[in-house]
Amino acid sequence: MSLPPPPVGWNRYLVKSKFGAGRDFAVLDPETEQQQFFVDGKMGTRPKAEIRNSSDDVVYSVRGHLLGIPKQMSISDSSGEEVASLKAQMFSPIKSRMTLTLGDGQTWELEGSFIEKDYAIASEGRPVVQITQKWVTVRDAYTLDVADGVDPGLALAVLWAVDRWVERD
């Protein structure tokens, strides 16, 4: 089954889970299957990952603070500056909504089925990212559609944080 084209003004990536304890992902161009990014999940008491571009440079890192209340995932850029934070409500399991706060105060609203990997991210009511497994027949593979002007590395950092969070709960 071939994938339908992404919406006009969007870029599509194919995200394939690599088997391993750290939740690694290869991120491919769906047409050429050339690797665009690699998400390198790390083992340890706190979940963490590095988002690497096609040149193998770290563009973002994600670090979890799951033992704290409330649960939190922090996303930092290549210089180590925190650029986003994803938090769960106190004493509440992951539901169908989450909010990501960017370093500049802007928020991204995440909504959908996190467990089934079918959710959207909106900024000020405008869709900016769509994650779905419905077009892919292989388990642990899904599409990531990113609107023009949105950093795909940051979208991947959010995707990994949500995925790791759901897998641990």
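Q: Which residue in β3 stands opposite A26, and what makes strands β2 and β3 a pair?
A: F38 in β3 stands opposite A26. Strands here are DSSP runs of E with at least two residues, numbered from the N terminus, and two of them pair if DSSP finds at least two bridges between them. Strand β2 (residues 24–28) and strand β3 (residues 35–42) share 4 bridges in the antiparallel sense, so the criterion is met.

Q: What kind of model do these values come from?
A: The model is predicted, so local features need pLDDT of at least 70 and side-chain atom pairs count only at pLDDT 80 or more, while totals for chains, interfaces and linings use all residues. Residues are numbered from 1 along each chain as its sequence is written, and side-chain values use heavy atoms, with hydrogens and water left out.

Q: How do you know that β5 pairs with both β4 and β6?
A: Strand β4 (residues 48–53) and strand β5 (residues 58–64) are joined by 5 antiparallel bridges, and β5 and strand β6 (residues 72–77) also pair in the antiparallel sense over 5 bridges. R63 in β5 stands opposite K48 and also opposite S74 in β6.

Q: What is the order of the strands in the barrel?
A: The 12 strands close in the order β1-β2-β3-β4-β5-β6-β7-β8-β9-β10-β11-β12, with antiparallel pairing.

Q: Why is E33 called partly exposed?
A: The relative accessible area of E33 is 47%. Buried means under 20% and exposed over 50% (1.4 Å probe, protein chains only), so a value in between is called partly exposed. E33 lies in the loop between β2 and β3.

Q: What makes the phi of E33 and of D56 notable?
A: Most residues other than glycine have a negative phi. E33, not a glycine, has a positive phi of about 60 degrees; D56, in the loop between β4 and β5, has a positive phi near 70 degrees. The hairpin of β4 and β5 has 4 residues between the strands.

Q: Why is the largest void called a cavity?
A: A cavity is a set of points on a 1 Å grid over the protein atoms alone where a 1.4 Å probe fits but cannot get out. The search finds 1 cavity of 30 Å³ or more, and the largest has a volume of about 50 Å³, the space filled by probe spheres set on the points, which are joined across faces, edges and corners.

Q: How many residues of the cavity lining are nonpolar, and how many are charged?
A: The lining of the largest cavity has 7 nonpolar, no polar and 2 charged residues. Ala, Val, Leu, Ile, Met, Phe, Trp, Tyr, Cys and Pro count as nonpolar, and Asp, Glu, Lys and Arg as charged. Lining residues, with an atom within 4 Å of a point, include K117 and D163.

Notes. 1 Å grid on protein atoms, 1.4 Å probe; cavity = no way out; pocket = protein on both sides within 12 Å on 5 of 7 lines; lining within 4 Å.
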